[in-house]
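I opened the notebook to look at one helix and some aromatic rings. My entries follow.

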Amino acid sequence: MGSHNSINKGKMITVTIDGKTCQSTFGKTILEIARENDIYVPTMCYLTKVQPIGSCRMCVVEVEGVDGMILSCQEKATDGAVINTNNADIYQERQNIMKLYNVNHPLECGVCDKSGECDLQNKTMEFGLEQQAFTARDQHRPVENWGHVSYDPALCIMCEKCVRVSTEITGDEALKVKFGGYGSTIINTKQEKNYASLGEAAAVCPVGALVSTDFKYTSNAWELTKIPSACPHCGGGCQMNYEVKNDRIYRVTNAYEFTSLCGAGRYGFEYANEKVSKDKAAFEKAVEAFKNAQSVIFSSYISNEEALILQKIKEKLGVKLISHEARAYQKFMQAYSSVTGQSLYNGSLKALSESRAVIVMGTRINDDSPTVKYHINMASKWHSARVAYMHPLEDTEIRNIVTQFIKYEAGSEEGAAALLADTLLKEVELPKAVRTFLDDLDIGNLSAESNIGEEELEALRKSLIKKSGFSLVVGSDLYAHPRAQQIAKLLALLEVYADFNVICVPPAGNAMGISLICDLDEAAEGKTVGYNVPADFILSALGDGDLDMPAMNQQEGTLTTIDKRVVPMNAALSYGGYVLNDIANCLGLNATYTIEYTKELPEVKGFEPVEFDSLPDYFDTVGNEHRGYLLKSQKVSVKRAFDEVEEIEGFDGAVIYNCNPTEQFSPFTAKSKLLKDEAVLLGSQQFATATKLQDGEMIVFTVDGVKFDRVFKIDTSMKGTIALNPTFDMGLSGALLSSYRFSRLDFERAGK
């Protein structure tokens, strides 16, 4: 995934490795070419997804005509090279390296969490080390508890993988190497933050030095059954394995060599709807409720197959289908497509990680979609990418990668999008109608209304000159904006005419899948059935409705990811109750299992008629993804008609922004005990002054008819008069929040 791995358009070369003729392209390392050809070269510190570390020397090879051994992870292959990956000298060199690694390494394999999946254990056996001929004076190195992760310096082999993922991938930059010869160690410079993203560092650790504090001493690796699946939380659909024993998930792991998981993906797994049995009376009431309902309201935490079942129920019974966030996204993407002529945005996460410039607008990206933020971080670390972050609120968590923060007024996104399009398309040849529209914009007025200075835009434009590989990331602030369709069309111009790799980050859950599968309505009418949403009759996977439903980790089905991939989800835990498919069968549909609908997902929307059990789910040796399939973008008719930009109604006084903290996305992550978060209204000292609120004061306010009781807390790192209001603790009613994410705060003090 790093720059060393980007598709080098270099010339074809031929090299010979261990007598095998291998064709590849110039720019790849010897190790990469060996792996492409299934030739094994042992490594200890190499991690495909970061740049070569070069600290272990295990990957040494010999090249004919070159003196001494060379590091295959760093040496680019040259045409005609004849390479030997193994002989007596190389074997002995590797054996000696292993002896050094094993100096004073505590012999505690019997109680070590890594035993059974430990690189050091495996390589010690592989290179026949039965005894240790020398030692070094041992040092006292106590275990450190860093919160989610514990560090045992006595077991650490200083491969530096953890430091690299903390820097190059997650970007929390918490871990550093403290050099000191034999006394070298890894230090956590941000212990007070207790980053769940350090789970990523523990995942890549080849020994037992970094382990999940919660998992420690609970199970041996070989006792756990690995169930491959996809993470259902943010819409990223990241690859994951549930590791299960006796119908309990002990931990979540991933194909860490090639992929990453955020804190919620790794630690937010305890949300199953447990101890459920078939309640026949409740089930019959559910079937009746559907027959009498005029509207079905549902949250975006459902699979593609369940979305299709609801669509079929709509076609059969004529009910309205309501899913607020998915509907907003659906309308936004339809408007976007009317400019691009394609049903899907063109962007991919891989292209994002290889960008030289990234513009982020309308999303607090570190909280809304950690996986997208990781790819922006990779672009920053590997390609020194310029990162322009446009938002009403600065985010200190991503200050380390943002090169230009452009603050705009809450509500002025249409003006900001128009200014952005105008700035980036100045030198570009455009159709006459588009050029006229942009030329007619009142730039001075838009600049004043949105509070974006013309000099800021000019600085942005200049910073992109001589750069190529641009990405634009937009998100949930825009989809429910009153002018969402116009904003979508303005930003789509950048995909069509400025060659931007654009990602329209879907709202949390499976909002993209739902938006493609369901014909959604605007508003509910009459009697309602809710699926993970309050209604007259409620189906709930949280266990608090009229009929129980399985949670996402108890279901088989597929999800649609940010990368426009349809990926399989397998059930990690048993579930004894009824499922949506049972109700559908009583309403005249006919399928034994929910996954019979996988092959029926709509081809006109880019899905493929593939059976669930035929979906692949693996990465090959060089990290190519074979998970499910990529959606096919469909041609859409083009209507490039723009409206006049409307004057914005500014927000006076104190404003709240509905936004969950980094590790929370929904009432399901809220159930997970490892992600205990306090839901508070978080604002700056300036916000406190504007509202006359004291730190710790209780207030009550309403958004979209949903009542919030919140403790107000002051966050000294924040500025301005916008406070962060989380929704993850709101249970079923959280799914009803459907308006623009910023709103004026009208509150009462609790008990008044």
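I took contact to mean heavy atoms within 4.5 Å. Helices (H or I, at least four residues) and strands (E, at least two) are DSSP runs, numbered from the N terminus. The model is predicted: local features need pLDDT of at least 70, side-chain atom pairs count only at pLDDT 80 or more, and totals for chains, interfaces and linings use all residues. Residues are numbered from 1 along each chain as its sequence is written, and side-chain values use heavy atoms, with hydrogens and water left out.

**Helix H7**

I looked up which residues of H7 are buried (under 20% relative accessible area, exposed over 50%, partly exposed in between; 1.4 Å probe, protein chains only). They are Ala282, Phe283, Ala286, Val287, Ala289 and Phe290. They sit on the same side of H7, because their arc, taken from the directions from the helix axis to the C-beta atoms, covers only 160 degrees. Exposed Lys280 and Lys285 are on the face turned away from the buried side. The cover over the buried residues includes strands S14 (295-298) and S21 (528-531) and helices H8 (304-317) and H20 (580-586).

**Rings**

I found 16 aromatic pairs (ring centres of Phe, Tyr and Trp, its six-membered ring, within 6.5 Å; planes under 30 degrees apart are stacked, over 60 edge-to-face, the rest tilted). Tyr91 and Phe127 have ring centres 5.3 Å apart and planes at 50 degrees, so this pair is tilted. Tyr91 lies in helix H2 (residues 88-102), and Phe127 lies 36 residues apart from it in the loop between H3 and S6. Phe127 is buried, at 3% relative accessibility. Tyr91 is partly exposed, at 32%. I also noted one aromatic cluster of Phe651, Tyr657, Tyr740 and Phe742.
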